[in-house]
Amino acid sequence: MSDEEPAENISGGAAGGGRSATFDPETAGTRAEAVVDRLGDLYWQKTYGGQDAFECLVRTILSQNTSDKASQPAHDELMARYRDESDDGDLARTLADADQPELAETISSAGLYNQKSERIVALAQRICEEYGGEDGFDEFVREGDPETVRSALLDMNGVGPKTADCVLLFAGGRGGVFPVDTHVHRIARRMGLAPADADHETVREYLERDVPAEKCGFGHTAMIQFGREYCSARKPACLDDPDACPLAGHCDQVGVYPASGEVVDPAEVE
């Protein structure tokens with residue numbers, strides 16, 4: 001994906017397997033779409049698709065259970081050592097032959113580096129065996145049946161639903177994919193867009209049902225940004241000032257109690 005900030009909000013688009021979306025809460029068909037449309041007034045987003053599938057998979061594994069601030073340096077160090085120094089440029093083949101302790105040291109800033117390095121080496125070896133390397137895997141992710149691709153990804157050790165969906169979205173450019181991380185899981189239930197006790201997969205099913213396919217990618221990234229800026233786990237903006245939240249009119253505030261200052265996980269609400 002390009003690092004250039006586009007002039008307008010884009011979800012999908014010609015380079016991302018979909019079309020540019022129009023964000024208008026007044027014409028939204030569902031409340032979840034209205035939320036995404038309102039987020040479209042707040043944030044821009046890049047087109048989806050175009051990342052190398054294996055690199056995207058590695059990046060997502062590095063980001064597991066840590067922040068972007070910690071995982072980005074690990075990704076940069078890994079790429080500098082293993083792609084830039086590779087003879088043929090095939091990251092999967094290079095990592096398949098990598099010394100695991102050396103890789104662990106390279107990605108140490110990402111945390112859980114021993115576990116992540118073992119997983120990355122094993123994934124690289126499997127991708128070389130099954131797809132012939134990085135290019136074959138990339139073609140499979142981009143052109144294979146989405147459900148088949150998702151099932152294959154979920155069958156890989158260390159790849160959960162969020163990781164699989166991120167690869168489908170950011171590498172495959174697939175429309176209708178709404179990855180659910182901790183922010184999306186919290187916000188969707190807090191707003192009442194999914195049942196309060198829904199697990200990550202159930203939240204994904206509700207959002208992918210209620211948000212048009214071309215808006216799902218934007219909805220995922222915008223909701224994460226919204227969670228960081230406004231709807232944090234412990235102190236959402238509405239706790240002290242209802243008008244401080246730009247989505248106040250769309251939210252059920254499940255588990256948020258401004259009168260007492262209490263905030264609980266929506267699943268704990270009786």
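A salt bridge is taken here as a side-chain nitrogen of Lys or Arg within 4 Å of a carboxyl oxygen of Asp or Glu. The legends below describe close-up views of a predicted model.

**View 1. A salt bridge within helix α7 joins R142 and D138.** The closest N and O atoms of R142 and D138 are 2.5 Å apart, which places the pair inside the 4 Å limit of the rule. The two residues are four positions apart in α7 (residues 134-143), so about one helical turn separates them. R142 is partly exposed, with a relative accessibility of 32%, whereas D138 is buried, with a relative accessible area of 15%. By the rule for salt bridges, the count for the model comes to 20.

**View 2. D41 and R38 pair within helix α1.** Their side chains meet in a salt bridge with an N to O distance of 3.6 Å. D41 and R38 are three residues apart in α1, and are therefore separated by about one helical turn. D41 counts as partly exposed at 48% relative accessibility; R38 also counts as partly exposed, at 23%.

**View 3. R150 and E201 form a salt bridge between helices α8 and α11.** The side chains of R150 and E201 meet at 3.2 Å, N to O. This pair links distant parts of the chain, with R150 in α8 and E201 in α11, 51 residues apart. R150 counts as buried at 8% relative accessibility, and E201 as partly exposed at 25%. Through salt bridges that share partners, R150, D165, E201, R204 and E208 are joined into one network.

**View 4. The buried residues of helix α11 line one face of the helix.** The residues of α11 that are buried are V203, R204, L207 and D210. Seen down the axis of α11, these residues fall within an arc of 150°, so they line one face. They pack against α1, α8 (146-154), α9 (161-170) and α10. Of these buried residues, R204 is also a member of the salt-bridge network that includes R150 and E201.

**View 5. Helix α10 is largely enclosed by the rest of the structure.** Nine of the 10 residues of α10 (residues 182-191) are buried, which accounts for the description of the helix as largely enclosed. The buried residues are H183, V184, H185, R186, I187, A188, R189, R190 and M191. Among the elements that cover them are the helices α1 (31-42), α11 (200-210) and α12 (213-229). The cover also includes the strands β1 (256-257) and β2 (262-263).

**View 6. The two ends of helix α10 are marked by D181 and G192.** D181 caps the N-terminal end of α10, with a side-chain oxygen 3.1 Å from the backbone nitrogen of H183. H183 is itself one of the buried residues of the helix. G192 follows α10, and its phi is positive, near 90°.

**View 7. E270 is an exposed residue in the segment after β2.** The relative accessible area of E270 is 97%, so the residue counts as exposed. The C-alpha atoms of E270 and R186 are separated by 17 Å, and the two residues are 84 apart along the chain. R186, in contrast to E270, belongs to the buried residues of α10.

**View 8. N65 and L112 are loop residues with positive phi.** N65 is placed in the loop between α2 (53-63) and α3 (68-83). Its phi is near 60°, a positive value in a residue other than glycine. N65 is exposed, with a relative accessible area of 72%. L112 lies in the loop between α5 (100-106) and α6 (113-131). For L112, also a residue other than glycine, phi is positive and near 45°. L112 is partly exposed, at a relative accessible area of 45%.

**View 9. Aromatic residues take part in ring pairs and in a charge-over-ring arrangement.** Ring pairs link Y131, F137 and F140 into a cluster. By the rule for ring pairs, the count comes to four aromatic pairs. Elsewhere in the model, K215 lies over the face of F23, at 5.8 Å from the ring centre.

Note on methods: Residues are numbered from 1 along each chain as its sequence is written. This is a predicted model: local features need pLDDT of at least 70, side-chain atom pairs count only at pLDDT 80 or more; totals for chains, interfaces and linings use all residues. Side-chain values use heavy atoms; hydrogens and water are left out. Buried means under 20% relative accessible area, exposed over 50%, partly exposed in between (1.4 Å probe, protein chains only). Contact means heavy atoms within 4.5 Å. A polar contact is a pair of N or O atoms within 3.5 Å; within protein, one must be able to donate a hydrogen and the other to accept it, and residues adjacent in sequence count only if both atoms are side-chain atoms. Rings of Phe, Tyr and Trp (its six-membered ring) pair if their centres lie within 6.5 Å; planes under 30 degrees apart count as stacked, over 60 as edge-to-face and the rest as tilted. A charge sits over a ring if NZ of Lys or CZ of Arg is within 6 Å of the ring centre and within 35 degrees of the ring normal. The arc is that of the directions from the helix axis to the C-beta atoms.
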